[in-house]
Each structure stands twice: as C-alpha cells, then as structure tokens.
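Colleague: I am new to reading structures, and I would like to know where the labels come from. Could you walk me through them?

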Amino acid sequence: MSADDGTVNDGTAGVTRRGLLKNGLAMAGSVAAIAAGAGAAGSARADSQPYSPLYAQTGDAVGGRKFRAWVSRGDGPGRTTLQELTLRPIAGRQVVVRTEAANLCYTLSQPMLGITRQIQGTQRPPTPEQRARGERLNNMATVQGHGGVGIVEAIGPDVRRVKVGDRVCVSGTPQCGVCYACVRGRSDMCQFLGPANMPEGMTPVADMKDGTPVYMNSQIGGFGEYMVTVEEWVVPIISKASAAHLEVACACTSVAGLGATTSQGIAVLPPAAKVAVVGCGPLGLSAIQGARIAGARMIIGVDPIRVRREAAMRVGASHVLDPNEPGDVVDRVRELTSEDNPSMWGGGIYSAPFQSGGADFVVEAAGGEWLPPALERGPDPTGLLPMQQAYDMLHGTGHAVLTSLAFGNLSFNAGVFALAGRSVHSGQAGGCSPLRDIPKFVSFLDNGSFDPTPMLTAPVPLEKVLDTYQEVARRATILAVLVV
Ligand SMILES: [Zn+2]
Ligand SMILES: [Zn+2]
C-alpha cells in the first residue's frame, strides 16, 4: 500500500478507490474497460461491500509500536515533556493516524506551558473529593494537540469512514452524523464534543516507559508521531498539497475562520457584504480569506499587531485598523461601512435605523491573552473589549459569529441587546460541519483561493514544539505548524 500520493491498492486489478475519487471519469472508464475485458463483475467491487470484515485492518498490528509525543502531566512549567510511548492495540472505531502536520494552536498555550493565569483562571480546580481520589484532568498523562493531518496507519474492525493509507484531517470537532445536533445541521455541537461522552469513555491509547497510561487530548492529540483517535474525528481528504500547507487549510483555527464565513452553519455571510474581522491571528486571517471567497465587498481587519495587519491585507482585507490608535475602533468601522451603502441607491435615506453604518457580518477572533504579547499589546488582555466591539460594530441587521476564548463576563444594554436587530452566533469551529466543509476548505487551497503562505511561519520539528509554544503564547508567530 502506498500512502504518500494518497492511493490505496485494495487489490482490485489495479483499480484503486482513491484513484477513482481523484481522477473521476477517466479512471471510471478504465474500470469499465477492465470489467469488460475480464468479464468479471468483481473488478469494480471496491466499494460494493463497505462493511465487509475484509475491510477491517485490526489494530493488533500497531500495538507495541514505539513513537514520540509531547505528554503533559501535573501542574506548572515543566509539565509537558517529549516522551517515548508504546501504542496499545486498538479496537472498535479507533483509528491510528501517522501525523504529517499539526497546528500549534494558541488555545493550547496553557496546557502546554502550564501557565497560571493572572487575570481570571479558566482552569477548574479539583473538588475535595476529586483531590482525595487523585482524579484530576491534570494528573492524566495526555498527548497534547487537538488535531492535524496525516495518513491512516490502522483502523479498528468497526471503522467504515476511512481505510488504511487514506490521507485524513483529524478534526478538532467530531461529527457522528446521528446525534441530536448532527441531524439538525449543527455538527459543531456533536454529542462527542465532550470526548468523555463517548460510550467507551476516555480510553488510554499508549503507555509511558514506567507503565503510566497515556490519553490523547480530546481523543485526538497531534503533537506526536501518531494520533490515536476515533472514527467520528477523521475526515478523508484528497490533495497533493504539502503537509504544512494542508494543515494551514485544515487547522482548527482555519476551520473556524473558513467555517464562520463559508459554511453557513450558524450564520450566512451574504454576497457583497461589508465584513469586519476583529483579531487577525490564524483564525481571523482565515475568516478574511473566507469572506473574500464568499464575495464580500468590504473586509475590515482589526488587530493591534502590525505584522498581522499586513498579513490581513495580503490575504484579502480591503482595510485594516489598529485598535490602539486614537478614537473608538467601533466608530471607525461605522464610518468606513457607512460609505457606498447600496440602500441609498434604492431610495433609502439612512443606512441604519439607529446609527449610521455598521458591518453586515462580523467575525470576532481576538481572544484573551495567555501571556503578555511580545509584539504590540491589545487594548484588553481579557479579550472582553474586542468581543464587545464586535457586537457594537454591527449594522442593525447584522450578524456576529463569536469564535474566541475571552476571560470573564460581558454585559449588554438590555434594550439594545433585545431590540437593535443585531444577531450573535455562538458555536464551535465557526459552525462548520467537518465532513461537509473540510474537503471544501482543501479545495479552496488546491484551487488557489485560500493562500496559506502569509499565515505560515517556519515549519516546526517535533523537538521544537515546546520552545515554539513560548512564541505562540506571546503571539510572536502567526501560525506555527509541527511537521513530522
Ligand atoms: Zn485549536
Ligand atoms: Zn453528532
């Protein structure tokens, strides 16, 4: 079986399932020719028996394999170390993926570096009972990371979604397809989003040298040579893009930014919209690219960090604003968006009922700060002010999609919140539906409409992941990608 070019020979006389998917009609023609020539209906049987036990690649083959991964355990700095682990045999719906690349997501700064937040803690302290039993998430040895791209190395006997050799995105959010949320088109809120909700619970997938059982963060991991996950988290992808570029398009942050703007999962970005994106990190830059792809007429990027504003212009922003500049950034967005309002052409007098201007669509992607930024600091380290501003810069018919993690509580004027016409949308991954949307994002990469280059800092080797997190947590990088 060959993995690098995404092909899998499943033994059907030279016809490959991946080849069919990739080459379409030309390949299908050769299937017909083979079937006619051989006179055997079995020649094209690749997918006619998808649930046959013949398709199962049992996990015994990978049990006992050694691999390296960044494992967190305990508290404070030094809790994350590079360990050699031994894989356990897999079963059921488990999938072993050989990691090609993984995003060093800013959200993971705290568990990677053991940062104790000064502003307002988000780490849940253990209850006295949990403490007595030693039951505490921090005490579980966990391979860090929450997703990546790679090649399927082994599957449990019940896996149907992928085969050995498939190139996959291990999504940050699962999609079971059958739960209350999934059947309502909200796979971003799938029942397995809390991985402990899995019928199997959280399952150890490897062991440390001293026998300590090791889990995968969120059932997926990413900062190791293997990810051991469950079928619901894997999305087959077909692309010849490099691992690093593919990961930029499939990273949790890009899935959220492209999801918020192009998935229509929780809010529809209308064509020719005036869009504001608050925060131009990996998530905001993806949202800007998504807004461009969706046909926005104006895209305003807001970020205190100069290099991020420059990247925003490179990926499609029409305007950028520095929230640290004098004057209220909300007023500046309202001023920009009040110009050239199509409603004026149709006989409208005012651009909005209560205030002039305002964005049709806002993606909020700023977030609180884990550590003081190495470059320009934002106006509010809690991330609450950017979130409030995202709401305040909406037009009276506008929609805001919130994607970031801020620390604390917001307050709104109740009359405005209830009656001003602005809609606020909350969800995971920008409301994206992984199986439907991630292949679409890969297509954006392959057809050139999504540009990974301005977002990607140098690829990070496995040994440098922890060091690089010092820069990630200080926002000195844009998007750092582990390439194994
Ligand atoms: Zn993430
Ligand atoms: Zn589901």
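What follows is a friendly talk about the labels used for this predicted model.

Colleague: Let's begin with the metals. Which residues hold the zinc ion (ligand 2), and how do you know that they are donors?

Modeller: They are Cys176, Cys179, Cys182 and Cys190, each through its SG atom, at 2.3 to 2.4 Å from the zinc ion (ligand 2). A donor has to be an N, O or S atom within 2.8 Å of a metal such as zinc, so these four sulfurs qualify. Along the chain, their spacing reads C-x2-C-x2-C-x7-C. Two of the four, cysteine 179 and cysteine 182, are buried.

Colleague: What makes the arrangement around the zinc ion (ligand 2) tetrahedral?

Modeller: The angles do. Four donors count as tetrahedral if all angles lie between 85 and 135 degrees. Here the angles run from 103 to 118 degrees, so the label fits.

Colleague: And which protein donors does the zinc ion (ligand 1) have?

Modeller: Cys105 (SG), His146 (NE2) and Cys252 (SG), at 2.0 to 2.3 Å. Their spacing is C-x40-H-x105-C. Cysteine 105 sits in the loop between β3 and α3, while cysteine 252 belongs to helix α6, and the two are 147 residues apart.

Colleague: Is cysteine 105 called buried or exposed, and what about cysteine 252?

Modeller: Buried means under 20% relative accessible area. Cysteine 105 has 3%, so it is buried. Cysteine 252 has 24%, which falls between 20% and 50%, so it is partly exposed.

Colleague: Why is helix α6 described as largely enclosed?

Modeller: Because ten of its eleven residues are buried. Among them are Val255, Leu258 and Ala260. The buried residues of α6 pack against β3, α5, α7, β14, β15 and α13. Just after α6 comes glutamine 264, whose phi is positive, near 60 degrees.

Colleague: Now for charges. Why is the pair of glutamate 225 and arginine 68 called a salt bridge?

Modeller: The cut-off is 4 Å between a side-chain nitrogen of Lys or Arg and a carboxyl oxygen of Asp or Glu. For glutamate 225 and arginine 68 the N to O distance is 3.2 Å, so the pair passes. Glutamate 225 lies in the loop between β8 and β9 and arginine 68 in strand β1, so the bridge ties together parts that are 157 residues apart in sequence. Both ends are partly exposed, glutamate 225 at 22% and arginine 68 at 30%.

Colleague: How do you know that aspartate 322 and arginine 309 also form a salt bridge?

Modeller: Their closest N and O atoms are 3.7 Å apart, so they too are within 4 Å. Aspartate 322 is buried, with a relative accessible area of 14%, and arginine 309 is buried at 14% as well.

Colleague: What about arginine 377 and glutamate 369?

Modeller: They come to 3.8 Å, so this pair is a salt bridge by the 4 Å limit. Arginine 377 is partly exposed at 45%, whereas glutamate 369 is buried at 5%.

Colleague: How many salt bridges does a search of the whole structure find?

Modeller: It finds 15. There is also a network of salt bridges linking Arg65, Arg98 and Glu153.

Colleague: Lastly, which residues make the nonpolar surface patch?

Modeller: Leu410, Phe412, Phe417 and Val424 make a patch of about 310 Å². Phenylalanine 412 is in the loop between β15 and α12, and its 30% relative accessibility makes it partly exposed.

Terms used
Residues numbered from 1 in each chain as written. Chains lettered and ligands numbered in written order. Predicted model: local features only at pLDDT ≥ 70, side-chain atom pairs only at ≥ 80, totals over all residues. Heavy atoms only, no water. Patch = residues over 30% accessible without salt bridge, like charges linked within 9 Å, V, L, I, M, F, W, Y side chains within 5 Å. Areas by Shrake-Rupley, 256 points an atom, 1.4 Å probe, with all protein chains shown as cover. Helix = DSSP H or I, 4+ residues; strand = E, 2+ residues; numbered from the N terminus. Buried < 20%, exposed > 50% of the residue type's maximum accessible area, 1.4 Å probe, protein only. Donors = N, O, S within 2.8 Å, 3.2 Å for Na, K, Ca; no water. Contact = heavy atoms within 4.5 Å. Tetrahedral: all angles 85-135°; square planar, octahedral: opposite > 155°, others 65-115°.
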